[in-house]
Amino acid sequence: MNVAMTAMNGIWRGVMVAASAILPALIGVASAVAAPPMEKHYYLPDAAASKIVSVAKTGNVEAEVTVLTEAVAIKETGPKETVAKFGEVYAFSPAFIAIRREVPTMLTFWNLQPDDEHDLMLTAPDFTVLLHLTLAPLSKTSYVFTFHKDGIFPFYCTVHQPEMNGQILVLPPTSAK
């Protein structure tokens with residue numbers, strides 16, 4: 001029994017050493033794939049991303065969704081212990097949106113905080129960054145989104161992670177009647 005445990009400990013140590021050598025490389029690859037272009041901090045989809053989602057300031061819309069920023073625990077009104085331990089906590093509401101592929105949908109993001117800027121980073125299902133927008137304090141930011149691919153598209157406020165995030169579920173178009 002002792003020999004078997006010693007062998008297992010040796011194998012486990014080998015696996016841990018290999019994982020610690022490989023993990024930083026995997027994180028670097030994932031960061032490179034999801035990283036936005038360095039020359040622009042905020043941007044709309046480029047030509048490649050527009051094959052997945054088109055984004056325009058105006059257009060004919062068939063659906064509309066409003067997403068609010070919510071202050072869950074903030075320094076002005078939150079429990080002091082919570083803010084001290086976790087910092088300020090915000091959320092998107094709703095955090096889950098379902099829309100149809102090829103249906104132009106106006107998404108309006110309301111930043112309800114008077115003193116906190118948020119941002120919006122939308123990624124493809126493979127976590128490639130599609131767009132990055134600023135959500136200025138006490139403002140509404142609206143764009144017409146038309147998704148050209150089905151799937152789950154995560155969105156984030158990169159400033160307030162990991163809590164402030166959501167998902168857009170893009171469903172196939174409805175059948176013709």
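A residue counts as buried here when its relative accessible area is under 20%. Keep that cut-off in mind for T105, which comes up below with 0% relative accessibility. What you're looking at is a predicted model. Its chain has 177 residues, and 34% of them are buried.

**The chain at a glance**
- The secondary structure adds up to two helices and 10 strands.
- Reading from the N terminus, the elements go α-β-β-α-β-β-β-β-β-β-β-β.
- Take the contacts with a separation of 6 or more: 69% of them link residues that sit 24 or more positions apart.
- About 10,800 Å² of the chain is exposed, and 64% of that area comes from carbon and sulfur atoms.

**The five-stranded sheet**
- Five strands make up an open sheet with mixed pairing, and their order is β1-β8-β5-β2-β3.
- At the edges you'll find β1 (53-56) and β3 (89-93), each of which pairs on one side only.
- On average, neighbouring strands in this sheet are turned by 25° against each other, ignoring direction.
- Inside that order, β5 (residues 105-111) and β8 (residues 139-147) run antiparallel and are joined by seven bridges.
- One residue pair to look up is N111 and S139: S139 is the bridge partner of N111 in β8.

**A closer look at T105**
- T105 belongs to strand β5.
- Is T105 buried or exposed? Its relative accessibility is 0%, so T105 counts as buried, given that the cut-off for buried is under 20%.
- The T105 side chain also reaches a backbone atom, namely the oxygen of V103, at 3.0 Å.
- Leaving aside residues up to four places away in sequence, T105 touches A63, E64 and V65, plus I99, and then Y143, V144 and F145.

**The nonpolar core**
- How many residues does the largest nonpolar core have? The count is 28, and the residues with the most contacts inside this core are F92, L122, F145, F147 and I168.
- Strand β7 (residues 129-135) supplies the largest share of this core, with four residues.
- F145 ties two topics together: this residue is among those with the most contacts inside the core, and F145 is also touched by T105.
- I168 is another of those residues with the most contacts. Again not counting residues up to four places away in sequence, I168 touches I97, I99, L107, L122, F147, G151, I152, F153 and F155.
- I99 turns up twice as well, as a contact of I168 and as a contact of T105.

Note on methods: Residues are numbered from 1 along each chain as its sequence is written. This is a predicted model: local features need pLDDT of at least 70, side-chain atom pairs count only at pLDDT 80 or more; totals for chains, interfaces and linings use all residues. Side-chain values use heavy atoms; hydrogens and water are left out. Two strands pair if DSSP finds at least two bridges between them. Axes are lines fitted to C-alpha atoms, for helices over the stretch in contact, and angles run from 0 to 180 degrees between N-to-C directions. Buried means under 20% relative accessible area, exposed over 50%, partly exposed in between (1.4 Å probe, protein chains only). Contact means heavy atoms within 4.5 Å. Accessible areas come from the Shrake-Rupley method with a 1.4 Å probe; for residues, only the protein chains shown count as cover. A polar contact is a pair of N or O atoms within 3.5 Å; within protein, one must be able to donate a hydrogen and the other to accept it, and residues adjacent in sequence count only if both atoms are side-chain atoms. A nonpolar core is a set of buried Ala, Val, Leu, Ile, Met, Phe, Trp, Tyr and Cys residues joined through side-chain atoms within 4.5 Å.
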